[in-house]
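Please open the structure in the viewer and keep the sequence panel visible. The tour below moves from the whole chain to individual residues, with a selection suggested at each stop.

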Amino acid sequence: MRFAITGAAGMLGQDVVAAARAAGHDPVGFARAELDVTDAAAVADAMRHARPDVVVNCAAWTNVDGAEQDEDGALAVNGVGAGNVARAATACAVWTIHISSDYVFDGAKRSPYVESDPVGPVSSYGRSKLAGERAVAGEAPESHTIVRSSWLFGAGGLCFPATILRLAEERDELKVVDDQVGCPTFTGHLAGALVGLAARRPPPVGIVHVAGGGACSWYEFAREIVASAGVSCEVRPCTTADMPRPATRPAYSVLRSERGAEVPSLPDWGEGLSEYMALMQEVRA
Ligand SMILES: NC(=O)c1ccc[n+]([C@@H]2O[C@H](COP(=O)([O-])OP(=O)(O)OC[C@H]3O[C@@H](n4cnc5c(N)ncnc54)[C@H](OP(=O)(O)O)[C@@H]3O)[C@@H](O)[C@H]2O)c1
């Protein structure tokens with residue numbers, strides 16, 4: 001199958017290109033410099049020329065705090081841009097796989113969020129991702145899969161483990177928030193699942209939750225990162241109130257699926273972290 005992948009130079013996009021190739025497909029990746037998803041005519045033109053069998057939209061404004069200063073900018077990419085990609089896919093009569101986020105929820109629940117739970121974003125970024133979900137469903141009502149995932153980390157981007165590893169080398173002690181709980185998701189695992197979903201005839205319609213197994217707080221995640229790197233740095237818990245940020249994050253955003261065998265389940269986040277650490281060691285060697 002030919003995959004058209006937008007946002008192909010991003011952390012997830014790179015892994016989707018690699019996973020599609022590894023599975024014997026023919027990926028055509030569009031980095032932002034090659035295709036800006038906010039340009040509807042360019043997106044339509046690119047898809048017509050690429051002649052894909054499926055489109056995977058990994059392009060996004062992912063600067064969560066930055067979106068608070070420029071909600072229109074985030075909406076242009078995450079809302080309107082997502083709609084442009086789905087419209088172009090529909091015009092080519094192909095399926096759209098679109099990536100969304102746990103940040104569409106308000107985080108007030110204390111048991112895992114499933115697909116039918118009410119949304120209620122508490123940040124500009126979350127609102128822009130919700131706008132994207134609605135735009136994709138509107139443009140490709142019978143031919144879209146919206147994959148909500150969370151807390152992505154991977155070798156191809158600036159992610160939480162990379163930041164913690166850098167800080168742990170520089171400092172003797174780190175404070176990390178312990179009152180936000182979610183599912184860290186290794187992009188290598190998510191990318192494989194996306195390619196598997198895209199290759200189904202047909203993929204599941206609507207929203208699916210695909211995130212790393214298990215759950216933890218950022219503090220627990222950081223402790224595990226530092227322990228597995230063998231660095232001597234004390235990791236201490238703190239609260240969100242101790243570390244104010246421009247954007248509000250959901251306090252709890254564990255994602256699980258209620259759609260049974262239709263939806264792939266990913267390995268535990270700890271397995272993802274082990275694979276990530278092994279990859280980083282290869283890069284350093
Ligand atoms: N990271 C997370 O923790 C997380 C959690 C849940 C869901 N997600 C979702 O997962 C998807 C992939 O995210 P990621 O972590 O791989 O983010 P990423 O590394 O920031 O990748 C996003 C890519 O989109 C590109 N992009 C930005 N604006 C664009 C535009 N107008 N046209 C085309 N491309 C554009 C970016 O290019 P530049 O770098 O040049 O701007 C970047 O290469 C996104 O939909 C995101 O919302 C992420």
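Colour the chain by secondary structure: nine helices and twelve strands appear. The model is a predicted one.

**The whole chain**

Display the C-alpha trace and align it along its principal axes; the C-alpha atoms then fill a box of roughly 55 × 40 × 35 Å. The radius of gyration is 18 Å, which agrees with the value near 19 Å for a compact globule of 285 residues. Of these 285 residues, 51% count as buried. Contacts between residues at least 6 apart in sequence are made up, to 83%, of pairs at least 24 apart.

Switch next to the surface. The accessible area of the chain comes to about 12300 Å², and carbon and sulfur atoms account for 51% of this area. Colouring the charged side chains shows 24 positive and 35 negative ones, with the centres of the two sets 3 Å apart.

**Stop 1: Asp-39**

Select Asp-39, in the loop between strand S2 (residues 26-30) and helix H2. Is this residue buried, partly exposed or exposed? With a relative accessible area of 39%, Asp-39 is partly exposed. Show its side chain together with the backbone of Ala-42: a polar atom of the Asp-39 side chain lies 3.1 Å from the backbone nitrogen of Ala-42. Then add Gly-81, which is 42 residues away from Asp-39 along the chain; the two C-alpha atoms are separated by 7.5 Å.

**Stop 2: Arg-51 and Ala-93**

Continue to Arg-51, at the other end of helix H2 (40-50), in the loop that leads to strand S3 (54-57). Its phi is near 50°, a positive value in a residue other than glycine. Arg-51 counts as exposed because its relative accessibility is 65%, the cut-off being over 50%.

Ala-93 invites a similar inspection. Select the loop between helix H4 (71-91) and strand S4 (95-101), where Ala-93 is found. Ala-93 is not a glycine, yet its phi is positive, at about 60°. At 70% relative accessibility, Ala-93 is likewise exposed. For context, most residues other than glycine have a negative phi.

**Stop 3: Ser-124**

Select helix H5 (residues 124-139), which contains Ser-124. The relative accessibility of Ser-124 is 1%, so this residue counts as buried. What does Ser-124 touch, leaving aside its neighbours within four places in sequence? The contacts are with Ala-67, Glu-68 and Glu-71. In the case of Ala-67, the side chain of Ser-124 reaches the backbone oxygen at 3.5 Å.

**Stop 4: Thr-163**

Move to helix H6 (160-170) and select Thr-163. This residue is partly exposed, with a relative accessible area of 29%. Add Ala-222 to the selection: Thr-163 and Ala-222 are 59 residues apart along the chain, and their C-alpha atoms are separated by 9.6 Å.

**Stop 5: Val-177**

Select strand S7 (173-177) and highlight Val-177 within it. At 12% relative accessibility, Val-177 counts as buried, since the limit for that class is under 20%. Beyond its neighbours within four places in sequence, Val-177 is in contact with Ser-217, Trp-218, Tyr-219, Cys-238, Thr-239, Thr-240 and Met-243. A distance label drawn from Val-177 to Val-56 reads 33 Å between C-alpha atoms, for a sequence separation of 121 residues.

**Stop 6: Arg-201 and Pro-202**

Show the backbone between Arg-201 and Pro-202. The peptide bond joining them is cis, with omega at about -5°. Pro-202 is found in the loop between helix H7 (187-198) and strand S10 (206-209). By way of comparison, most peptide bonds are trans.

**Stop 7: Ser-253**

Finish in the loop between strand S12 (234-238) and helix H9 (269-284), where Ser-253 lies. Although placed in a loop, Ser-253 counts as buried at 1% relative accessibility. Which residues surround Ser-253 in contact, leaving aside neighbours within four places in sequence? Select Asp-102, Tyr-113, Trp-151, Val-181 and Gly-182 to display them. With Asp-102, Ser-253 also forms a polar contact between side chains, at 2.7 Å.

How values were computed
Residues numbered from 1 in each chain as written. Predicted model: local features only at pLDDT ≥ 70, side-chain atom pairs only at ≥ 80, totals over all residues. Heavy atoms only, no water. Helix = DSSP H or I, 4+ residues; strand = E, 2+ residues; numbered from the N terminus. Rg over C-alpha atoms; globule rule 2.2 N^0.38 Å. Buried < 20%, exposed > 50% of the residue type's maximum accessible area, 1.4 Å probe, protein only. Contact = heavy atoms within 4.5 Å. Areas by Shrake-Rupley, 256 points an atom, 1.4 Å probe, with all protein chains shown as cover. Lys, Arg positive; Asp, Glu negative; His and termini not counted. Charge placed at Lys NZ, Arg CZ, Asp CG, Glu CD. Polar contact = N/O pair within 3.5 Å; in protein donor to acceptor, adjacent residues only side chain to side chain.
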